[in-house]
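Biologist: I am new to this structure and would love a close look at one part of it. Could you pick a place where two helices pack together and walk me through what lies around it?

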Amino acid sequence: PIIMSVKLPGFIPRELRQLARFVPLRGWDVIDWKPLLGSLREVSWRYVSGNGIAALRRETSRQCPSIAFARSLRGADPLWSSEQAASRRRYGDDILRLYFAQWLVDDGLFIDLRSSRFGIIDDQLTFAPSGLWIRLRPEFREGMVALYRSFYADNDAAFEDALRQMGMIKPGLSAAAEAELKQLLFDHFGIDQREQQFSIDAFKASFDELFEFFIEHDYKLHSDFVWVGFYLITLYLTLEEGGAAHDTRSLCAEELLDA
C-alpha cells in the first residue's frame with residue numbers, strides 16, 4: 001500500500017488518475033486494495049474499449065428521461081456557454097437529477113459527470129458518457145438509496161441501517177464514534193440543502209475528514225466507497241463551474257422518494 005499510495009498502476013488512464021489525486025495520501029492505507037485493483041483494471045479496460053457503454057446508456061436514459069443521451073457531442077454547444085443564470089440553474093438541476101437517478105440503475109453507473117461529457121443541443125442538456133462506469137455491489141448501491149431516503153424520513157434508525165448495509169459502521173464502534181461518523185457523512189453528502197452552492201474545496205475538506213476518521217478507527221474500506229467518492233468529485237467539479245445554487249433536497253426527492 002505504501003508504494004501504491006505514491007504510484008498507481010500504469011494501466012490507469014489519465015482521467016482516473018485526476019480523480020485519484022483527491023484521495024489524501026494516507027487515505028489509501030484504509031482501502032482494501034485487492035477489490036480496488038480489480039475494479040480499476042475493469043474500468044480502465046472499459047474506458048479504452050468502450051465496452052458496455054451503449055447498453056448502459058440505454059438503461060440509464062430510461063431512468064432519467066429529463067436529459068438526452070448521445071454517443072458524441074458533435075455539434076453541441078459547451079455546457080456552460082450560456083451566461084443566463086436561469087439556464088445554468090436548469091442544466092445543473094438536470095445533472096443532479098442524473099446523479100440521483102443513476103443510483104436506481106442496477107446495471108452500473110457512469111461515474112464521469114465532468115462538464116466535458118455534457119453539451120447543449122436544441123436547448124436540451126445532452127450527456128455523452130465515457131467508458132468510466134462501474135457496477136457497485138447491490139447492497140452498497142441499495143444502501144446509498146436507503147441513506148438518501150432516510151434523510152427525508154428524518155429517521156435516525158433508517159439512516160443507521162443504511163450505513164450498516166453499506167459496511168460504513170464497523171462492528172465495535174463506540175456510540176461517540178458512531179455519532180461522529182453520522183455527522184461527517186451527513187455533511188459529506190450535503191443533501192439537506194435547498195440553496196446549495198457546490199464547492200470542490202469544501203467537498204475535498206469533508207472527504208479528508210472522513211478519511212481521517214477511517215484511519216483513526218482502523219477501517220478497511222471496500223472500493224465501492226472510493227468509486228462513490230470519484231462520482232461525487234465529478235459532480236462537484238461540474239456544478240461549481242456552473243456557479244448556480246440548487247435545491248438539492250427537492251431534486252433528490254423527485255428522483256428517489258417516489259421510485
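Modeller: Gladly! Let us start with the residues that meet: Ala177, Glu180, Leu181, Leu184, Leu185 and His188 in helix 8 touch Phe203, Ser206, Phe207, Glu209, Leu210, Phe213 and Phe214 in helix 9, where contact means heavy atoms within 4.5 Å. Sorted by class, this contact has nine nonpolar, two polar and two charged residues; here Ala, Val, Leu, Ile, Met, Phe, Trp, Tyr, Cys and Pro count as nonpolar, Asp, Glu, Lys and Arg as charged, and the others, Gly among them, as polar.

A word on the source: this is a predicted model, in which local features need pLDDT of at least 70 and side-chain atom pairs count only at pLDDT 80 or more, while totals for chains, interfaces and linings use all residues. Residues are numbered from 1 along each chain as its sequence is written, and side-chain values use heavy atoms, with hydrogens and water left out.

Helix 8 covers residues 175-189 and helix 9 residues 200-216; helices are DSSP runs (H or I, at least four residues), numbered from the N terminus. Their axes come within 9 Å and cross at roughly 160°, the axes being lines fitted to C-alpha atoms over the stretch in contact, with angles from 0 to 180 degrees between N-to-C directions. That makes helix 8 roughly antiparallel to helix 9, a label for angles over 145 degrees. The crossing is left-handed, meaning that the near helix is turned anticlockwise from the far one by less than a right angle.

Helix 8 also packs with helix 7 (residues 156-165), at an angle of about 90° and with the axes 12 Å apart. These two helices are therefore roughly perpendicular, the term for 65 to 115 degrees. On the helix 7 side the contact uses Asp156, Phe159, Glu160, Leu163 and Arg164, and on the helix 8 side Glu178, Lys182, Leu185 and Phe186. This contact divides into four nonpolar, no polar and five charged residues.

Phe214 of helix 9 has another role to notice: with Tyr148, Phe214 touches the most other members of the largest nonpolar core, which has 86 residues. Such a core is a set of buried Ala, Val, Leu, Ile, Met, Phe, Trp, Tyr and Cys residues joined through side-chain atoms within 4.5 Å, and buried means under 20% relative accessible area (1.4 Å probe, protein chains only). Helix 10 (residues 223-242) gives the most to this core, with 11 residues.

How values were computed. Buried < 20%, exposed > 50% of the residue type's maximum accessible area, 1.4 Å probe, protein only. Parallel < 35°, antiparallel > 145°, perpendicular 65-115°, else oblique.
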